[in-house]
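Me: I would like to go through this model term by term and ask, for each label, what justifies it. Please set each value against the criterion behind it before you conclude.

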Amino acid sequence: MSNGGTTSKVLSPEEVAASLESGMTLGIGGWGSRRKPMALVRAILRTPVTDLTVVSYGGPDVGLLCAAGKVRRLVTAFVTMDSVPLEPHFRNARQTGSIELTEYDEGMFMFGLYAAAHRLPFLPTPAGLGSDVMRVNPELKTVRSPYEDGRELVAVPALTMDVALVHMNRADSRGNAQYLGPDPYMDDLFAKAADRTYVSCERLVDTADFAKEGPLQSLLISRAHVAGVVETPNGAHFTDCAPDFGRDEAFQKLYAQSAADPDKWAAFQDRFLSGDEAAYQDAVRAWQEESR
Amino acid sequence: MSTLTSITRAEVCAAACADLFRGDGEIVAAAVAGFVPMLGSRLARATFEPDLLTTDGGPALSAEPVPLGRPAATAEGWLPFRDHLWLVLNGRRHVVMGPSQIDAHGNTNISCIGDWERPARQLLGVRGGPGNTLLNTTSYWVPKHSTRVFTEKVDMVSGVGWDRGAHEIRAVVSNLAVLDFGTPDRRMRLRSVHPGVRVEDVVAATGFELVVPDEVPETRLPDDEELRVMREVLDPKGLREREVPA
């Protein structure tokens with residue numbers, strides 16, 4: 001594959017997971033149950049890493065990491081699987097008090113990402129004022145506009161992170177990455193906010209082939225912000241990864257039902273999460289054929 | 001009055017949700033709370049509020065109001081999540097959310113039940129509730145009106161009410177009634193009861209003291225054209241009926 005003389009950044013899921021250290025702050029792109037870097041999350045489940053601070057518009061990425069005891073603190077505005085509104089593992093983690101939580105409004109969270117992505121200490125927004133977000137995050141401070149309006153605003157601190165993981169439709173071996181679906185989510189902001197960003201993708205392509213896949217503006221993430229690239233076909237499974245594939249609703253339902261019951265969860269783990277990514281994909285295919 | 005077959009409660013609710021947008025003009029209707037308000041926003045656009053902008057449930061602003069569950073055949077705009085969040089600040093937006101708890105001033109909770117530090121039941125999280133309510137016109141849809149939802153106090157204020165600086169909490173549509181805040185101190189008031197519902201049913205299903213005027217009218221029925229648009233165009237599969245208990 002031609003890479004224009006630039007060093008290839010292609011890694012395996014295991015190499016990415018092995019680069020994490022306990023206690024790190026880990027950002028995860030996507031939104032709810034949409035375009036989540038699930039193959040990389042699954043790889044993290046297979047490592048001894050723990051005590052993570054996870055920053056995510058949460059979905060089953062958060063649920064899986066909570067279930068595996070990897071999370072010390074979660075920074076989020078919600079955890080949902082969209083068509084299944086509530087995430088059982090996240091609920092259980094909260095209800096048993098096993099994780100700490102920083103709970104922001106969705107817009108506050110975005111401003112925290114914008115601040116981190118642009119090396120600002122904070123960005124001001126009115127969102128959050130008057131709500132209990134201010135009560136449960138007593139460290140949040142407000143600023144007053146220095147202009148005539150004198151308006152009070154929340155100073156949302158930069159959501160800095162050690163490592164970010166995002167999943168894109170296409171990438172090249174240099175780390176440039178392209179989304180082909182209808183929504184970029186905040187993935188470019190995660191990539192810029194982190195000290196080190198890893199992109200997983202459905203398919204690695206030659207740089208020259210990006211133009212065949214989508215318009216110039218679909219090149220969301222630049223190699224300047226990317227430390228490593230992983231090709232993980234079906235790697236967002238079971239979350240939505242349009243236009244490559246939609247959410248696997250049947251499998252998500254199985255996940256949700258299993259996650260809500262310890263015995264079923266043990267069986268789910270045994271069947272789907274006891275091997276590597278290739279074993280996961282094989283097990284999913286076998287399950288899909290059985291359920292047909 | 002309608003000459004069509006009997007009008008369902010869900011259809012009354014959808015028309016009441018459409019009425020939420022009356023007079024809104026050229027703003028985005030973000031009716032994220034369920035099928036009924038989503039249908040209501042598209043019904044408003046298809047009838048008396050043609051300048052309204054509506055989505056197909058995804059990031060496409062549809063050129064025409066589209067049937068529930070269908071993608072926009074033609075998009076007139078693009079509104080990915082980040083632009084929704086910027087639009088919250090811009091203000092040209094009316095959101096309809098579904099509260100797990102709501103109090104007499106319109107403070108709402110979708111985050112968790114019980115103490116936030118260790119909740120008895122973790123729900124979604126605050127989502128965009130704080131910004132939506134502070135900066136945009138907000139209404140609510142409650143498919144099952146009960147004292148569990150209409151509570152004296154909410155456990156976590158994820159959406160601010162009139163007494164906490166809300167931009168405008170316009171109204172609450174439930175499966176029983178329409179409620180607004182048209183009182184001097186902005187306490188929730190019973191505006192109308194749906195046909196077949198008694199005032200005392202609503203009072204009994206509400207966990208705080210509701211302002212009840214001497215005369216409580218019935219919620220209006222959708223007219224023939226609205227029924228036709230709902231049944232034949234916007235919701236031929238009848239998704240609205242699934243959301244409202246019979």
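The exchange below takes up the chains, their contact, some helices and a few backbone details in turn.

Me: What kind of model is this, and how many helices and strands does chain A have?
Reply: This is a predicted model, and chain A has eleven helices and twelve strands. Chain B, for its part, has seven helices and twelve strands.

Me: How do you know what radius of gyration to expect for chain A?
Reply: The globule rule takes 2.2 Å times the number of residues to the power 0.38. For the 292 residues of chain A a compact globule would come near 19 Å, and because chain A has 19 Å, the value agrees with the rule. Along its principal axes, the C-alpha trace of chain A spans about 65 × 50 × 30 Å, and 52% of its residues count as buried.

Me: What does the corresponding argument give for chain B?
Reply: With 246 residues, the expectation for a compact globule is near 18 Å, and chain B has 17 Å, so here too the value agrees. The C-alpha atoms of chain B fill a box of roughly 45 × 45 × 35 Å along the principal axes, and buried residues make up 56% of the chain.

Me: Which share of the contacts in each chain joins residues at least 24 apart in sequence?
Reply: Among contacts between residues at least 6 apart, the share is 74% in chain A. For chain B, with a separation of 6 or more, residues 24 or more positions apart account for 67%.

Me: What makes up the contact between the chains?
Reply: Residues count as being in contact if their C-beta atoms lie within 7 Å, and the contact takes 33 residues from chain A and 32 residues from chain B. On the side of chain A that touches chain B, α4 (88-95), α5 (106-117) and α6 (133-136) each supply at least two residues, with the largest share, four residues, coming from α4(A). By class, that side of chain A divides into 17 nonpolar, nine polar and seven charged residues.

Me: Why is α4(A) called largely enclosed?
Reply: A residue is buried if 20 or more other C-beta atoms lie within 10 Å of its own. Six of the eight residues of α4(A) are buried, so the helix is largely enclosed by the rest of the structure. The buried residues are P88(A), H89(A), F90(A), R91(A), A93(A) and R94(A). Their cover includes α3 (60-67), β4 (100-103) and α9 of chain A, together with β7 (112-113) and β8 (121-122) of chain B. After α4(A) comes G97(A), whose phi is positive, near 70°.

Me: How do you know that the length of α1(B) fits a helix?
Reply: The expected span is 1.5 Å times one less than the number of residues. For the twelve residues of α1(B), residues 9-20, this gives 16 Å, and because the end C-alpha atoms are 17 Å apart, the length agrees. The helix is also mostly covered, since twelve of its twelve residues are buried, A14(B) and C17(B) among them.

Me: Which residues does A14(B) contact beyond its neighbours within four places in sequence?
Reply: A14(B) is in contact with V36(B), L39(B), G40(B), L43(B), M230(B) and R240(B). A14(B) is also one of the residues that touch the most other members of the largest nonpolar core, which has 150 residues, and that group includes L40(A) and L113(A) as well.

Me: Why is Y185(A) called buried, and R186(B) partly exposed?
Reply: Buried needs 20 or more other C-beta atoms within 10 Å, exposed means 12 or fewer, and partly exposed lies in between. Y185(A) has 23, so Y185(A) is buried, whereas R186(B) has 17 and therefore counts as partly exposed. Phi is positive in both, near 50° for Y185(A) and near 55° for R186(B). Y185(A) lies in the loop between β9 (177-178) and α7 (187-193) of chain A, and R186(B) in the loop between β11 (177-180) and β12 (189-193) of chain B.

Me: Where are the cis peptide bonds in the loop between β12 and α9 of chain A?
Reply: The bond from H237(A) to F238(A) is cis, with omega near 10°, and another cis bond joins A242(A) and P243(A), where omega is about 0°. F238(A) is found in that loop, and so is P243(A).

Note on methods:
Residues are numbered from 1 along each chain as its sequence is written. Chains are lettered from A and ligands numbered from 1 in the order in which they are written. This is a predicted model: local features need pLDDT of at least 70, side-chain atom pairs count only at pLDDT 80 or more; totals for chains, interfaces and linings use all residues. Two residues are in contact if their C-beta atoms, placed from the backbone, lie within 7 Å. Ala, Val, Leu, Ile, Met, Phe, Trp, Tyr, Cys and Pro count as nonpolar, Asp, Glu, Lys and Arg as charged, and the others, Gly among them, as polar. A nonpolar core is a set of buried Ala, Val, Leu, Ile, Met, Phe, Trp, Tyr and Cys residues joined through C-beta atoms within 7 Å.
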